[in-house]
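Reader: I am new to this structure and should be grateful for a close look at one part of it, the sheet and what surrounds it. Would you kindly take me through it step by step?

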Amino acid sequence: MPLEMTAVMIGVEDLARSKKFYGEGLGCKIDQDYPNFVSFNLGEGSSSLALYEREAAAKDAGVSPEGSGFRGVSFHFIVPSQETVDEVIGIYRDIYLVRANDEKIFDVGQDGGLVSALLIWGLENGKIDGGLTSKLSEERVWDAEPCVVTNREEVLASAGSRYTYAANPLAMKEAEKRGLKNLALVGMSCQSSINGTLSARNVNKYRRRIQLVIGLLCSKSFTYDGLTKAITQDYGIPYDDVAKVNIKGRFQMWKKSTGEEVDIPLKELHQYTREGCKLCPDFAAEHADISTGGLGQGDGWTLTIVRTERGAEWMRELQDAGWITVRPGSEDEAAVELMRKLAAKSRRRWPGELDKEEFLAPRAIPEKYMPKPKA
Ligand SMILES: Cc1cc2nc3c(=O)[nH]c(=O)nc-3n(C[C@H](O)[C@H](O)[C@H](O)COP(=O)(O)OP(=O)(O)OC[C@H]3O[C@@H](n4cnc5c(N)ncnc54)[C@H](O)[C@@H]3O)c2cc1C
Ligand code: SF4
């Protein structure tokens, strides 16, 4: 009979910590969860992984739990190449931490204000005549809706992050009405994939208009009703007292009236995640020219992944003009590592029942999903 292994068990010192590492950190799906034992289902074709308190495991085996140094066992997940490791955050040229040098831009920016700096630079230097982005809704307080920005004031007014969904590419309609031909698109990962889908669907008229795609790293957005309930009812903060919101391991709000920070644990908000986000595999806005996020360990820097030549050219121009301060991403390894972890976690959301083989090649669209050529 060939050797088979159905379960690997690890004896751990701190079960809660190890459960968090394998469950939340590496995204393993919990199968059984008991006070002194946890097992993970690693999917078809893989042994299950169990964690057991070390002392208890040693007792079961009838040996002493004492011991230090190398245990002679290591666990590996072998991938075909270094590219496969990198690919989890998408193809890129460089990773930076960036801050806008203009104080007004920096102040209104969610992190380092890079996105707003890029838009204003493009508008004031003739690279674009409009930006497709989002603004605060006039009807629904703290909701986001698509908009077109064409000058510095409009960019500044629309800066910062809202955590409900705005379909920014829909602002293309308004841009078309206004005769705007050269545009930058700002959008979460799902929206920043639009250039690829436009050409796949032969809608090149719109694709050609987009001169730059700026992606926002994204693990989820929330339904407006759910977020409203959590903030205004569960936490009793009226919307007109909310000055700024952010997500850094928790949902943060700052009160206008007192400046006080109020935090909501993300697990309380999980129930309000938009349905579509639960299947979204792209954390790192892989198809953007430049992807941006707020994972930096110090406040006020935009974690910036430059992916394409045109993205690199925009960044060079802003830097040469003294608009931005740029630090290498290697100065904040924890941020880059966190991005990889979150990207790997989002990848695992892809529904298991789809034919995995077809999606194995990065960014490949399986034949059956491609539009049929016109007869
Ligand atoms: C819903 C959402 C989820 C995010 N999740 C993460 C995350 O998990 N981890 C992470 O590191 N970063 C996340 N980000 C990105 C982060 O919040 C910042 O947008 C990014 O770091 C850029 O900062 P900045 O200061 O350079 O941008 P700014 O100069 O402040 O510009 C931000 C731009 O984003 C646009 N925008 C704001 N809200 C929305 C919205 N709801 N829909 C579409 N466009 C919008 C604004 O109009 C503006 O153009 C998320 C952003 C959003 C909107
Ligand atoms: S999680 Fe994915 S689908 Fe949801 S808003 Fe973010 S990028 Fe879009």
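Author: What follows describes the sheet first, then the elements packed around it, and finally some individual residues.

The model is a predicted one. Its protein chain contains 15 helices and 15 strands. Of the 375 residues in that chain, 41% count as buried. Among contacts between residues at least 6 apart in sequence, 64% join residues at least 24 apart.

The part in question is an open sheet of 8 strands, arranged in the order β7-β6-β8-β9-β13-β14-β5-β15, with mixed pairing. At its edges stand β7 (144-149) and β15 (324-328); each has a single partner strand, so one side of each is left without a neighbour in the sheet. On average, and with direction ignored, neighbouring strands of this sheet are turned by 30° against each other. In general, the strands of a sheet pair through backbone hydrogen bonds, either parallel or antiparallel.

Two of these pairings deserve a closer view, and both involve β9. Strand β8 (residues 183-188) pairs with strand β9 (residues 210-216) in the parallel sense, over 6 bridges. Within this pairing, Ala184 stands opposite Leu212 in β9. The pairing of β9 with β13 is also in the parallel sense, over 3 bridges. Here Leu216 stands opposite Thr292 in β13. Strand β9 is mostly covered, since 5 of its 7 residues are buried.

Thr292, which lies in strand β13, can be followed further. Its relative accessible area is 4%, and because the cut-off for a buried residue is under 20%, Thr292 is buried. Not counting residues up to four places away in sequence, Thr292 touches Leu114, Val115, Ile214, Gly215, Leu216, Leu217, Thr302 and Leu303.

Two helices lie across parts of the sheet. Helix α13 (residues 309-320) lies across β5 (94-100), β9, β13 (290-293), β14 (302-306) and β15, and runs at about 85° to β9. Helix α14 (residues 333-347) lies across β5 and β14, running at about 65° to β14.

The sheet also contributes to the nonpolar interior. The largest nonpolar core has 28 residues, and those with the most contacts inside it are Leu114, Leu119 and Leu318. At least two residues of this core come from each of β5, α5 (114-124), β7, α6 (152-158), β8, β9 and α13. The most is given by α5, with 8 residues. One of the residues named above, Leu114, is in contact with Val98, Ile290, Thr292, Thr302, Thr304, Met315, Leu318 and Ile324, leaving aside its neighbours within four places in sequence. Apart from this core lies another, of 17 residues, including Phe222, Leu227, Val245 and Met253.

A ligand should be mentioned next. Ligand 2 is surrounded by Tyr165, Met188, Ser189, Cys190, Cys218, Ser219, Lys220, Ser221, Arg274, Cys277 and Cys280. Sorted by class, the shell around ligand 2 has 6 nonpolar, 3 polar and 2 charged residues. Tyr165 of this shell is also a contact of Gln191. Gln191 is found in helix α8 (residues 189-192), and at 3% relative accessibility this residue counts as buried. With neighbours within four places in sequence left aside, the contacts of Gln191 are Tyr165, Ala166, Ala167, Asn168, Pro169, Leu185 and Val186.

Finally, two loop residues call for comment on their backbone. Trp142 lies in the loop between β6 (130-136) and β7. Although Trp142 is not a glycine, its phi is positive, at about 65°. The relative accessible area of Trp142 is 15%, and Trp142 is therefore buried. Ala285 has its place in the loop between α12 (266-269) and β13. Its phi is near 45°, a positive value in a residue other than glycine. With a relative accessible area of 0%, Ala285 is buried.

Notes
Residues are numbered from 1 along each chain as its sequence is written. Chains are lettered from A and ligands numbered from 1 in the order in which they are written. This is a predicted model: local features need pLDDT of at least 70, side-chain atom pairs count only at pLDDT 80 or more; totals for chains, interfaces and linings use all residues. Side-chain values use heavy atoms; hydrogens and water are left out. Two strands pair if DSSP finds at least two bridges between them. Helices (H or I, at least four residues) and strands (E, at least two) are DSSP runs, numbered from the N terminus. Axes are lines fitted to C-alpha atoms, for helices over the stretch in contact, and angles run from 0 to 180 degrees between N-to-C directions. Contact means heavy atoms within 4.5 Å. A nonpolar core is a set of buried Ala, Val, Leu, Ile, Met, Phe, Trp, Tyr and Cys residues joined through side-chain atoms within 4.5 Å. Buried means under 20% relative accessible area, exposed over 50%, partly exposed in between (1.4 Å probe, protein chains only). A residue is near a molecule or strand if one of its heavy atoms lies within 4 Å of it. Ala, Val, Leu, Ile, Met, Phe, Trp, Tyr, Cys and Pro count as nonpolar, Asp, Glu, Lys and Arg as charged, and the others, Gly among them, as polar.
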